[in-house]
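Welcome! Take a moment to look over the model below, then try the exercises at your own pace.

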Amino acid sequence: MNLDARIPDGPIEQKWSKAKFDMRLVNPANKRKYKVIVIGSGLAGGAAAATLAELGYDVACFCFQDSPRRAHSIAAQGGINAAKNYQNDGDSVHRLFYDTVKGGDFRAREGNVHRLAEVSVDIIDQCAAMGVPFAREYGGTLANRSFGGAQVSRTFYARGQTGQQLLLGVYSALSRQIGIGRVTMFPRTEILDVVVDDGRAVGVVVRDLVTGTISSHAGHAVILATGGYGNVFYLSTNAKGSNVTAGFRAYKRGAGFANPCFTQIHPTCIPVSGDYQSKLTLMSESLRNDGRVWVPKRKEDCGKHPDKIADEDRDYYLERKYPSYGNLSPRDIASRAAKEQCDDGRGVGPGGRGVYLDFRDTVKRDGEARVREKYGNLFDMYQRITGENPYRVPMRIYPAVHYTMGGVWVDYHLQTTVPGLFCLGEANFSDHGANRLGASALMQGLADGYFIIPFTLGHYLAGVNAKDLASTTSAAFKATEADVRARQDKLMNVRGKRSVDSFHKELGLLLWDDCGMARTKASLEHALAKIPELREQFWKDVTVLGERDSFNQSLEKAGRVADFLEFAEIMCKDALVREESCGGHFRVEHQQDGEAKRDDERFAHAAVWEYTGEGKAPNRHIEPLAFENVKLATRSYK
Amino acid sequence: MSTLNLTLHIWRQADRKAAGKLVTYKVKNVSTHASFLEMLDILNEQLIEKGEEPVAFDHDCREGICGMCSLMINGRAHGGQRATTVCQLHMRLFKDGDEIYIEPWRAYAFPVIKDLCVDRSALDKIVTAGGYISVNVGSAPDANDVLIPKEYADRAFEAAACIGCGACVAACPNGSAMLYTAAKLAHLHNLPQGQPERLHRTKAMVSAMDAAGFGNCSNHYECEAACPKDISREVMALVNRDYAKAAWVHRDRDDKGDGGG
């Protein structure tokens with residue numbers, strides 16, 4: 001497996017400029033002769049589709065939702081980082097780069113992260129020009145707030161719905177291109193496989209979710225921007241439809257899959273309330289700007305009303321343990337600290353699985369009206385879900401699966417190990433290392449879609465003859481389509497007794513216990529023994545009712561869960577082999593004073609998994625990571 | 001934790017062309033902390049166990065922002081709790097023994113796909129016609145070069161909070177998409193960046209709304225009451241004024257002729 005990351009030579013500040021100059025271009029008049037397939041319409045995919053169409057390429061964009069405006073980027077709440085230094089508080093491109101590499105616990109590629117920090121400033125300009133209604137000061141300038149893992153205010157936001165506002169910007173740009181005929185949009189259409197012919201990606205096989213029709217589409221290049229795989233845990237903050245199918249199918253067609261064990265558990269989510277629970281709801285990290293996290297000092301106080309617990313009997317454990325970052329410690333650290341308090345028997349709420357996020361002091365200092373202005377919609381959402389008023393009673397929160405740093409391996413050009421197959425946004429692995437900082441996912445999605453792929457894809461296409469568009473009647477397409485149909489038939493024909501959801505829930509619980517916030521050799525070996533059993537049961541006893549060739553939500557889910565059941569195994573294998581703790585990957589055996597203990601000697605690399613065939617063990621390759629600009633050090637937020 | 005036993009009357013329809021009907025189901029032991037969609041999940045699990053096809057309904061984020069969920073509950077779009085989508089509606093608002101009628105959005109422009117799922121692509125067509133600012137990536141000035149008074153930025157944001165669910169259309173006796181279209185326009189027209197194309201945009205989007213089969217607005221304001229994001233009917237006044245102006249002074253343009261290529 002070729003893992004040449006193609007990072008340009010030279011000083012880190014000049015790599016991207018140099019790369020852009022060295023890249024080949026496609027003549028404006030020739031661009032329309034190239035067909036580009038984009039899967040996903042979120043910040044990464046939608047931005048890529050719109051921008052490539054602006055340049056003149058012939059774009060086809062697919063999404064499983066009923067409209068491109070509903071991609072899961074829409075749910076991002078808190079904000080988007082950019083090194084504008086509008087607050088004059090010491091920010092710079094280099095500082096954003098440094099914070100991101102450090103926040104990722106030194107498991108990201110320096111070159112990619114620096115480029116991300118560089119283009120972050122252009123993203124804000126572009127979004128403002130498109131009419132994204134960012135929060136502003138009375139003087140008319142843009143407002144900022146702080147997020148975890150940073151000591152500057154560099155986060156731009158639109159109340160608690162920054163994701164929706166940025167996505168509506170992308171959607172409007174995409175709609176413009178759809179209107180003038182440069183993008184053909186396929187909503188309610190799901191990718192089921194990638195077609196690879198003679199080592200190159202040449203197209204995709206998709207299913208029209210309304211009619212059930214399977215069809216093939218050819219392109220000179222295929223871009224996957226299909227989001228993360230957090231739903232492998234069943235309960236997560238992801239939308240119900242989010243899935244790993246595109247990335248996993250690409251893996252099975254030859255694309256390396258990197259660091260699948262790097263999953264992010266977000267510290268501030270509404271705790272689980274019962275076994276009917278279908279998803280977990282995030283309470284934005286921005287709340288940690290003003291909310292203070294605590295648990296009672298004494299176990300016997302846990303059942304008391306919080307008002308009855310005096311200040312000296314409260315343990316503001318983040319402020320105690322990490323005085324300089326306090327409540328704004330990075331996500332992995334804050335999550336583990338919450339688990340630690342609950343494991344110690346000092347958790348609050350049902351089952352003792354919760355900690356308080358308390359706004360009492362802020363309401364006292366700034367008044368309820370100011371708090372409402374900043375966080376009103378989040379407080380309302382909390383109240384609707386829990387029936388409790390967070391202006392009066394502190395919120396109860398607990399960590400939940402939120403984001404996946406791992407993903408399809410890509411080089412500096414965002415190309416996978418399969419030429420012609422590119423991967424953007426959360427679906428790839430490149431920028432966040434072992435832990436993503438808050439407000440950096442939106443930044444990466446838009447960076448990839450607006451500012452990186454338009455250059456790197458052009459460079460690839462310049463080496464492809466426009467006349468060489470694959471035919472969907474070729475042997476490769478026929479074979480892939482046949483595989484897809486066979487898999488659909490197999491799912492329909494099990495005709496067992498158990499629902500798809502029941503398997504998904506069982507898998508999720510297993511992974512949460514064995515490959516969640518804390519992992520051990522024994523727990524991972526347990527999971528690796530159980531997953532194949534569960535998969536076998538699934539293929540014996542799952543039931544998918546309704547028709548294959550029609551609108552069938554059970555069939556959609558069944559395909560996704562079948563892929564999760566296979567994918568879960570490489571995730572656990574990856575966690576087992578990585579015998580160190582870093583970022584979101586916490587191996588209980590590797591810690592020092594309760595903090596993650598990295599092993600840079602053995603693991604300063606990305607682990608890349610290669611599919612070797614049905615029933616065969618995958619190969620693990622490595623891409624070594626060089627740190628030339630940021631000194632490898634133990635992260636300290638103390 | 002208290003639980004509910006409920007009688008549900010749910011619209012079942014095999015596909016776009018088939019005739020639909022209300023079918024009655026009993027669902028037992030639903031936690032009051034469950035969301036309305038989780039209650040439907042419980043029903044579906046019960047149906048699957050009995051070998052009956054589960055009820056199809058649209059949903060995705062389940063946190064009130066993607067706009068995918070779309071149910072008429074007892075005749076009210078999203079169930080009638082103020083500023084709340086169905087996915088955020090919780091069962092504690094219902095009583096043990098309640099009978100609940102669950103139907104899809106009903107509007108000429110939203111044909112039923114199956115059971116409770118409808119086709120809302122007509123909403124996308126309105127945006128495709130002009131709901132954007134024509135600025136190619138790469139050509140933006142520094143974001144702080146264009147100052148925007150906070151008051152206008154806030155108004156733009158409030159209009160832009162629309163999640164495109166279509167509740168306004170479903171609630172309107174005329175099946176009009178006026179609140180939706182006006183919210184899209186008010187978002188862009190409260191910003192300086194939205195001014196150059198203001199009249200073209202207004203005319204194009206209103207025409208697209210008519211062409212997509214939405215009815216006319218006759219000021220019932222049911223839309224405002226049903227909106228899960230509290231979009232104010234004020235946005236509609238802005239459109240009417242701009243539309244009148246556009247009819248007099250705007251020249252049609254040819255989008256295909258120029259653009260970015």
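Three exercises follow, each with a worked solution, and the model they use is a predicted one.

**Exercise 1. The sheet in chain A**

Task: Work out in which order the strands of the open sheet of chain A lie, and which strands form its edges.

Solution:
- Begin with strand β12 (residues 292-296) of chain A, where 4 of the 5 residues are buried.
- Look to one partner of β12(A): strand β14 (residues 355-358) of chain A pairs with β12(A) in the antiparallel sense over 3 bridges. Here A:Arg292 stands opposite A:Asp358.
- Turn to another partner, strand β13 (residues 314-315) of chain A, which is antiparallel to β12(A) and joined to it by 2 bridges. In this pair A:Val295 faces A:Asp315.
- Continue from β14(A) to strand β15 (residues 395-404) of chain A: these two also run antiparallel, with 3 bridges. A:Leu357 stands opposite A:Met395 of β15(A).
- Put the pieces together: the 5 strands of chain A follow the order β11-β15-β14-β12-β13, with antiparallel pairing.
- The edges are β11 (263-269) and β13 of chain A, since each pairs on one side only.
- Finally, notice helix α9 (residues 331-343) of chain A, which packs on this sheet and touches β11, β12, β14 and β15 of chain A. The direction of α9(A) makes about 65 degrees with that of β11(A).

**Exercise 2. Two helices that cross**

Task: Describe how helix α5 (residues 110-129) and helix α12 (residues 441-461) of chain A cross.

Solution:
- Recall what is needed: a packed pair of helices is described by the angle and the distance between the axes.
- The axes of α5(A) and α12(A) come within 9 Å and cross at roughly 85 degrees.
- Angles of 65 to 115 degrees count as roughly perpendicular, so α5(A) is roughly perpendicular to α12(A).
- Find the residues in contact: α5(A) contributes A:Leu116, A:Val119 and A:Ile123, among others, while those from α12(A) include A:Leu446, A:Tyr450 and A:Phe451.
- Sort the contact by class: 8 residues are nonpolar, 3 polar and 1 charged.

**Exercise 3. Where the chains meet**

Task: Find how many residues of chain B are in contact with chain A, and which element of chain B gives the most.

Solution:
- Count both sides: 69 residues of chain B are in contact with 66 residues of chain A.
- On the chain B side, α1 (36-49), β6 (112-114), α2 (121-128), α3 (150-160) and α5 (178-189) each supply at least two residues.
- Of these, α1(B) gives the most, with 6 residues.
- By class, the chain B side has 31 nonpolar, 21 polar and 17 charged residues.

Technical notes:
Residues are numbered from 1 along each chain as its sequence is written. Chains are lettered from A and ligands numbered from 1 in the order in which they are written. This is a predicted model: local features need pLDDT of at least 70, side-chain atom pairs count only at pLDDT 80 or more; totals for chains, interfaces and linings use all residues. Two residues are in contact if their C-beta atoms, placed from the backbone, lie within 7 Å. Ala, Val, Leu, Ile, Met, Phe, Trp, Tyr, Cys and Pro count as nonpolar, Asp, Glu, Lys and Arg as charged, and the others, Gly among them, as polar. Axes are lines fitted to C-alpha atoms, for helices over the stretch in contact, and angles run from 0 to 180 degrees between N-to-C directions. Angles under 35 degrees count as roughly parallel, over 145 as roughly antiparallel, 65 to 115 as roughly perpendicular and the rest as oblique. A residue is buried if 20 or more other C-beta atoms lie within 10 Å of its own, exposed if 12 or fewer, and partly exposed in between; C-beta atoms are placed from the backbone. Two strands pair if DSSP finds at least two bridges between them.
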